[in-house]
Amino acid sequence: MRFFRPFFAARWIYRNAVFRIAAGEKTVCLTFDDGPAPESTPHIVSLLKRHNVKAMFFFSGNRAERHRDIVKQVTCHGHIVGNHGFHHIDGWASSCGKYI
């Protein structure tokens, strides 16, 4: 596996994006994908708050538009929100060609 550092222009263009987290101690990055989902995301946020844990949530754009209140709840609790694309196709039911 190879790791690539984002080139300077990408870091300059996307100034608020998180490309790297510096940590002086052992750290685990906790991420949740494919939300926001009304049936699970608020519960996850509540659980994380109870344990004083921060996480990254990768939301699909179409779901984030439908559930703006949940996106706001996530960010107001200090979590990071990332873009998981606008539509998220089913990887198990889609051919490789559909991704191209």
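**Strands, a core and a surface patch**

Reader: In which sense do strand 1 and strand 2 pair?
Author: Good place to begin, and keep in mind that this is a predicted model. Strand 1 covers residues 31-35 and strand 2 covers residues 56-59. Four bridges link the two strands, and their sense is parallel.

Reader: Which hand does the β-α-β crossover from strand 1 to strand 2 have?
Author: Follow the chain as it leaves strand 1 and passes through helix 2, residues 41-50, on the way to strand 2. The hand of this crossover is right-handed.

Reader: Which residue in strand 3 is the bridge partner of Phe58?
Author: Let's look at both sides of strand 2. Phe58 of strand 2 has Asp33 standing opposite. Strand 2 also pairs in the parallel sense with strand 3, residues 80-83, over four bridges. There, the bridge partner of Phe58 is Gly82.

Reader: Which helix gives the largest share of the largest nonpolar core?
Author: That core has nine residues, among them Val45, Phe57 and Ile70. Helix 2, strand 2 and helix 4 (68-76) each supply at least two of its residues. The largest share is three residues, and it comes from helix 4.

Reader: Is Asn52 buried or exposed?
Author: You can find Asn52 in the loop that joins helix 2 to strand 2. Its phi is near 55 degrees, a positive value in a residue other than glycine. A residue counts as exposed when its relative accessible area is over 50%. Asn52 has 67% relative accessibility, so the word for it is exposed.

Reader: What is the area of the nonpolar surface patch that includes Trp12?
Author: Nonpolar side chains in soluble globular proteins tend to be buried together, but here we turn to some on the surface. Trp12 belongs to helix 1, residues 8-13. Together with Phe8, Ile13 and Tyr14, Trp12 makes a nonpolar surface patch, and its area is about 540 Å².

Definitions and conventions. Residues numbered from 1 in each chain as written. Predicted model: local features only at pLDDT ≥ 70, side-chain atom pairs only at ≥ 80, totals over all residues. Heavy atoms only, no water. Patch = residues over 30% accessible without salt bridge, like charges linked within 9 Å, V, L, I, M, F, W, Y side chains within 5 Å. Areas by Shrake-Rupley, 256 points an atom, 1.4 Å probe, with all protein chains shown as cover. Salt bridge = Lys/Arg side-chain N within 4 Å of Asp/Glu carboxyl O. Pairing = 2+ DSSP bridges. Right-handed = clockwise from strand over helix to strand, strands pointing away. Core = buried A, V, L, I, M, F, W, Y, C linked by side-chain atoms within 4.5 Å. Buried < 20%, exposed > 50% of the residue type's maximum accessible area, 1.4 Å probe, protein only.
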